[in-house]
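Trainee: I have a structure open in front of me and would like to learn how to read it, one feature at a time. Could you take me through it?

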Amino acid sequence: MMISRRILTLGLVLATLTACSSAERFAVQSPTVTEQVSIAFGAVEVRDVSLPTYAAADEITTQAADGTLVSSKSVLWADAPERAVALELSQNLARMTGRRIASEPWPFEAFPDARLEVRFSELVASAAGEFRTSGQYFVGVTDGRRERSGLFDLTVAFDPKGGPNAIAAARGQLILNLATYIAKNGLK
């Protein structure tokens, strides 16, 4: 009797672990940067990226036609979204500008010329096939040059039949588009 309880308990533990480990993780592949943009700063720190709660979660969230946000514990981002988006932004900006750009913590001895903060009010894929982001960016400087801020509202279409891989690809393109937008409008 004691052995059968242990076997049953072990079976339940294994079933729970199997259920927990069955989540699929999806990585965002950054698209190729093809455009070069000149900016006014030699070094920029992507200091803070603030995402809405649903977008900062590990679960990939989609928005239904009625506005309901839907996610599943079995469909996850491969990296923590705030960290990943900050890295995507800094890498895209570095590639398109050729300047020294990194996300926080700043890895260089010399301080950056500017600090970029991005606050997202939305970052969500719709079930209809549109990945949308909106929010505000802030460029802080310490050398007396003009500080800047601006609003953004961008959209990328994707095929919803492509599932989480299509959503991940759309997010990659959307963050590249945002990096281009900020380079041209906030870092000039």
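**Reading strands, helices and a cavity**

Mentor: Let us begin with a single residue, Ala-114, which lies in strand β7; please keep in mind throughout that this is a predicted model.

Trainee: Is Ala-114 buried or exposed?

Mentor: The general idea is to compare the relative accessible area with a cut-off, since a residue counts as buried when that area is under 20%. Ala-114 has a relative accessible area of 1%, and therefore counts as buried.

Trainee: Which residues does Ala-114 touch, leaving out those up to four places away in sequence?

Mentor: Ala-114 touches Phe-41, Ala-43, Val-44 and Glu-45, and also Val-139, Gly-140 and Val-141. A distance along the chain can be set beside a distance in space as well: Ala-114 and Val-46 are 68 residues apart along the chain, while their C-alpha atoms are separated by 8.8 Å.

Trainee: What does the chain as a whole look like in terms of helices and strands?

Mentor: There are 4 helices and 9 strands in the chain, and read from the N terminus their order is α-β-β-α-β-β-β-α-β-β-β-β-α. The chain has 188 residues, 40% of which count as buried, and its accessible surface is about 10,300 Å², with 53% of that belonging to carbon and sulfur atoms. If you take the contacts between residues at least 6 apart in sequence, 68% of them join residues at least 24 apart.

Trainee: How can I check the length of a helix such as α3, and what span should its 17 residues have?

Mentor: The way to do so is to set an expected span against the distance between the end C-alpha atoms. Helix α3 covers residues 81-97, and at 1.5 Å a residue it should span 24 Å; its end C-alpha atoms are 24 Å apart, so the two values agree.

Trainee: Which residues of α3 are buried, and what covers them?

Mentor: The buried residues of α3 include Pro-81, Ala-84, Val-85, Leu-89, Leu-93 and Met-96, and among them are also Glu-88, Ser-90 and Asn-92. Their cover includes the strands β2 (43-50), β5 (75-77), β6 and β7, together with the helices α2 and α4. Just after α3 comes Gly-98, which takes a positive phi of about 70°.

Trainee: Can we follow one contact from each of β6 and α4?

Mentor: Take Ser-103, which is placed in strand β6 and is buried, with a relative accessible area of 13%. Once its neighbours within four places in sequence are left aside, Ser-103 is in contact with Val-46, Ala-86, Leu-87 and Ser-90. For α4, which runs over residues 163-185, look at Thr-180: this residue counts as buried at 14% relative accessibility, and, beyond residues up to four places away in sequence, Thr-180 touches Glu-35 and Met-96.

Trainee: What should I know about the peptide bond from Glu-104 to Pro-105?

Mentor: As a general idea, most peptide bonds are trans. The bond from Glu-104 to Pro-105 is cis, with omega near 0°. Pro-105 is found in the loop between β6 (100-103) and β7 (114-126), and Pro-105 is exposed, with a relative accessible area of 69%. In sequence Pro-105 and Glu-45 are 60 residues apart, and in space they are 8.3 Å apart, C-alpha to C-alpha.

Trainee: How does one look for empty space inside a structure, and how many cavities of 30 Å³ or more are there here?

Mentor: Rolling a probe the size of a water molecule over the atoms shows where empty space is left. This structure holds 1 cavity of 30 Å³ or more, and about 70 Å³ of space lies in the largest cavity.

Trainee: Which residues line the largest cavity?

Mentor: The lining is made up of Tyr-54, Ala-55, Glu-59, Thr-61, Trp-77, Leu-123, Val-124, Ala-125, Phe-131 and Arg-171. Two or more lining residues come from each of α2 (53-56) and β7, and β7 gives the largest share, with 3 residues. Sorted by class, the lining has 7 nonpolar, 1 polar and 2 charged residues.

Trainee: Is Ser-126 of β7 buried or exposed?

Mentor: Ser-126 is buried, with a relative accessible area of 17%, and, not counting residues up to four places away in sequence, Ser-126 touches Gln-63 and Phe-158.

Technical notes
Residues are numbered from 1 along each chain as its sequence is written. This is a predicted model: local features need pLDDT of at least 70, side-chain atom pairs count only at pLDDT 80 or more; totals for chains, interfaces and linings use all residues. Side-chain values use heavy atoms; hydrogens and water are left out. Buried means under 20% relative accessible area, exposed over 50%, partly exposed in between (1.4 Å probe, protein chains only). Contact means heavy atoms within 4.5 Å. Accessible areas come from the Shrake-Rupley method with a 1.4 Å probe; for residues, only the protein chains shown count as cover. On a 1 Å grid over the protein atoms alone, a cavity is a set of points where a 1.4 Å probe fits but cannot get out, and a pocket is an open set with protein on both sides within 12 Å along at least five of seven lines; lining residues have an atom within 4 Å of a point. Grid points are joined across faces, edges and corners, and a volume is the space filled by probe spheres set on the points. Ala, Val, Leu, Ile, Met, Phe, Trp, Tyr, Cys and Pro count as nonpolar, Asp, Glu, Lys and Arg as charged, and the others, Gly among them, as polar. The expected span of a helix is 1.5 Å times one less than its number of residues.
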